[in-house]
Amino acid sequence: MPKGLVIVDKERCKGCGLCVEACPFGVLDLSSEYNSSGYRVVYMARPDKCTGCAVCANVCPDVALEVYREESSVKGAA
Amino acid sequence: MKRVLMRGNEAIAEAAIRSGLKCYFCYPITPQGELVEYMARELPKRGGVFLQAESEVAAINMVYGAAAAGVRTMTSSSSPGISLKQEGISYIAMARLPCVIVNMMRGGPGLGNIAPAQGDYFQATKGGGHGDYRLIVLAPSSVPEAAELVGLAFDLSDRYRVPAMILADGMIGQMMEPVALPEPVDPAEIPPRPWAVTGAKGRPKNVISSFDLEPEGLRRMNLVLQETYREIERNEVRWEEVETEDAELLLVAYGTMGRIAKTVVRLAREEGLPVGLLRPITLWPFPYGPIRALAERVKAVLTVELSAGQMWEDVRLAVEGRTETPFYGELGGVVPSPGRILEEVRRYVR
Amino acid sequence: MSVELAIPRGYTRVFSRPAALSEAGFTYCPGCHHGIITRLVAEAIDELGILERTVGIAPVGCAVFLDRFFNCDFVQAAHGRACAVATGIKRARPDLVVFTYQGDGDLAAIGTAETVHAANRGENITVIFVNNGIYGMTGGEMAPTTLPGQRTVTTPRGREPRSHGYPLKISEMLAQLDGPAYITRQAVFDYPHIVKAKRAILKAFRNQLEGKGFSLVEILSTCPTNWRMSPVEAGRWVAEEVSRFYPLGDLKDTG
């Protein structure tokens with residue numbers, strides 16, 4: 001089970017790529033999928049690398065990302 | 001009722017405070033300096049906010065903000081300053097915010113001078129700024145009437161959510177007359193403003209805006225304005241008639257000129273000349289109907305103005321060719337004597 | 001429209017949409033930092049618990065739809081007049097929390113007088129100043145803040161200060177005044193700077209709650225569309241070029 005999970009609101013994503021660039025672990029990439037506005041949406045290309053650090057969501061200009069962390073790692077971090 | 005001797009500018013200020021004015025924003029300009037001074041002295045003492053802004057542009061936008069926040073608010077200025085306020089007034093009109101604007105007109109165009117003039121009639125009654133909008137425009141011809149119309153301006157502005165203007169000049173602003181001031185308004189009588197921005201607590205958010213990028217949406221906003229204006233035109237036309245019953249010549253004049261025209265009517269009657277006066281009190285909505293009715297039975301309608309004939313256009317629209325519509329105007333702050341107008345009158349009746 | 005996403009079993013949500021934001025999608029161009037800044041303001045409103053007493057002033061420019069993005073009351077101001085409108089609201093109802101959100105054309109060109117005088121009066125409001133050195137909405141014209149040499153549609157050969165004037169460092173100007181409580185310049189081109197910018201925005205709102213007076217947070221932003229750059233390149237340009245010309249950090253803080 002990966003430590004982190006990024007859920008993309010595909011309709012909000014504009015495929016700008018800022019999160020792809022910002023992710024410290026190379027988790028995200030632009031998919032070949034387009035949303036109804038014609039943007040290529042981001043997805044977890046390497047989900048096993050995700051730590052749930054939420055840097056991606058912080059740099060997202062469209063508040064399109066929600067981030068979850070595996071509960072044991074949240075407690076560990078606290 | 002007890003009467004006090006007051007200057008027009010001061011009477012307007014006092015009447016505004018008694019009308020429940022909460023926020024007054026201004027920028028100094030002659031000839032309405034006494035109004036500003038009175039507000040600075042009195043309004044804070046009586047629980048209101050006085051703020052001298054950095055410009056007329058800022059002052060009217062502060063009015064926009066205070067009106068949006070749901071309080072009775074006002075600004076005052078004179079012609080060049082009112083020109084600067086037009087952007088803000090256009091926004092206020094479309095955002096449907098109540099407020100009162102006082103224009104103590106002076107000679108123009110440009111810097112002009114500080115003498116009495118009526119050259120801002122078009123600006124006041126035809127919109128002034130950009131877009132299809134109107135102000136309720138009230139034109140007092142004496143100090144007591146100025147005080148009375150201030151209260152009316154606040155009430156009408158609240159009722160229709162249309163900004164109201166008191167349109168006068170330095171003559172009205174600076175002359176002293178006995179005034180019976182209105183009783184202070186009970187704050188509970190001021191209409192509630194459920195649309196105001198007061199914090200979205202226990203209700204959906206309120207948005208005050210003058211804009212919609214979608215043509216259909218903007219059209220709807222415009223139609224609301226237009227429906228409101230039609231309602232005002234039906235309900236709020238105000239005017240005074242003097243000796244019109246048997247008049248063969250009808251004078252039409254407002255404000256300072258209306259006051260002088262009253263003297264002209266008296267002098268003419270002393271000479272046996274059948275002259276009457278219709279003095280519009282609301283310049284918008286304009287008393288087209290009453291003028292039209294009188295035009296059916298007089299030989300001429302003489303418009304007298306301190307302008308090159310701005311109200312004259314509305315008089316001619318009212319008369320629609322039913323009778324002659326001569327004009328006499330003065331410019332540049334020159335105020336004609338009653339005798340000078342009487343000469344004009346004698347050209348049309350004997 | 002977005003859908004309420006179910007929390008996956010065994011996971012805790014660590015980042016989600018601020019409650020101060022409505023469901024409406026931002027109308028900013030892809031990758032524009034406006035969206036980050038708008039979200040930070042919403043997060044600050046959430047964290048201070050002031051949504052029900054906050055009034056925002058939407059500007060003219062790329063943030064013209066700001067009222068749609070938030071769940072609090074809003075007033076739309078004329079171009080440049082936000083600080084005057086905010087003054088009117090705050091003076092009428094001092095219990096409200098009033099903020100403006102303005103671009104550089106709005107705040108530093110057409111609204112310079114309103115901004116300077118609101119600051120000088122120490123008006124107890126919060127100003128979010130988004131500086132991307134260009135007029136974005138109207139098609140990429142020179143702004144007062146455009147850098148020397150920077151190409152825009154009205155400086156096609158680059159801004160030449162001797163003809164077009166020098167970039168206006170309005171935050172430095174404001175910091176010279178006695179009125180303001182807090183003037184700071186921030187950026188949001190990477191995560192650490194986003195964290196700092198958020199802290200500055202929180203402080204600017206907290207100052208208002210504490211009655212400290214005028215607080216302005218300038219945030220260096222991007223305009224990938226009119227800069228003719230990718231969002232990533234635009235962010236890098238802020239980090240490497242723009243923030244050298246407009247140094248980051250507090251310019252005035254009365255504490």
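## Two domains in chain B

The C-alpha centres of domain 1 and domain 2 of chain B sit 26 Å apart. Domain 1 of chain B covers 4–199 + 223–235 and domain 2 covers 239–346, with bounds that come from an automatic or database domain assignment. This is a predicted model, where local features need pLDDT of at least 70 and side-chain atom pairs count only at pLDDT 80 or more, while totals for chains, interfaces and linings use all residues. Residues are numbered from 1 along each chain as its sequence is written, chains are lettered from A in the order in which they are written, and side-chain values use heavy atoms, with hydrogens and water left out.

So how do the two halves of chain B meet? In domain 1 of chain B, 32 residues are in contact (heavy atoms within 4.5 Å) with 24 residues of domain 2. Together the two domains bury about 2,400 Å², 54% of it on carbon and sulfur atoms; buried area is the accessible area (1.4 Å probe) that two parts lose on being put together, summed over both. On the domain 1 side, Gln118(B), Tyr121(B) and Ser141(B) supply 31% of the area buried against domain 2, more than any other three residues.

There are three salt bridges between these domains, counted when a side-chain nitrogen of Lys or Arg is within 4 Å of a carboxyl oxygen of Asp or Glu. Arg259(B) makes a salt bridge with Glu177(B), and their closest N and O atoms are 2.8 Å apart.

## Where chain A meets chain C

Here 32 residues from chain A and 34 residues from chain C take part in the contact. The two chains bury about 2,800 Å² between them, with 61% of that on carbon and sulfur atoms.

Chain A and chain C share three salt bridges. Glu66(A) and Arg13(C) form a salt bridge, with closest N and O atoms 3.4 Å apart. Strand 4 (65–70) of chain A is among the elements that supply at least two residues of the side touching chain C, and strand 4 gives the most, with six residues. Helices (H or I, at least four residues) and strands (E, at least two) are DSSP runs, numbered from the N terminus.

Strand 4 of chain A also pairs with strand 1 (residues 11–15) of chain C, antiparallel and over four bridges; strands pair if DSSP finds at least two bridges between them. Within that pairing, Val67(A) has Phe15(C) as its bridge partner.

## Where chain B meets chain C

Which part of chain B gives the largest share of the side that touches chain C? To set the scene, 35 residues of chain B are in contact with 32 residues of chain C. The buried area is about 2,600 Å², and carbon and sulfur atoms give 60% of it. In chain B, Glu54(B), Lys205(B) and Phe211(B) lose the most area to chain C, together 21% of what that side buries.

Three salt bridges cross this interface too. One salt bridge is formed by Arg81(C) and Glu87(B), whose closest N and O atoms are 2.9 Å apart. Helix 3 (56–68) and helix 4 (79–95) of chain B are among the elements giving two or more residues to the side that touches chain C. The largest share, eight residues, comes from helix 3 of chain B.

Strands join up here as well: strand 9 of chain B and strand 3 (residues 73–76) of chain C run parallel, joined by two bridges. Val207(B) stands opposite Phe74(C).
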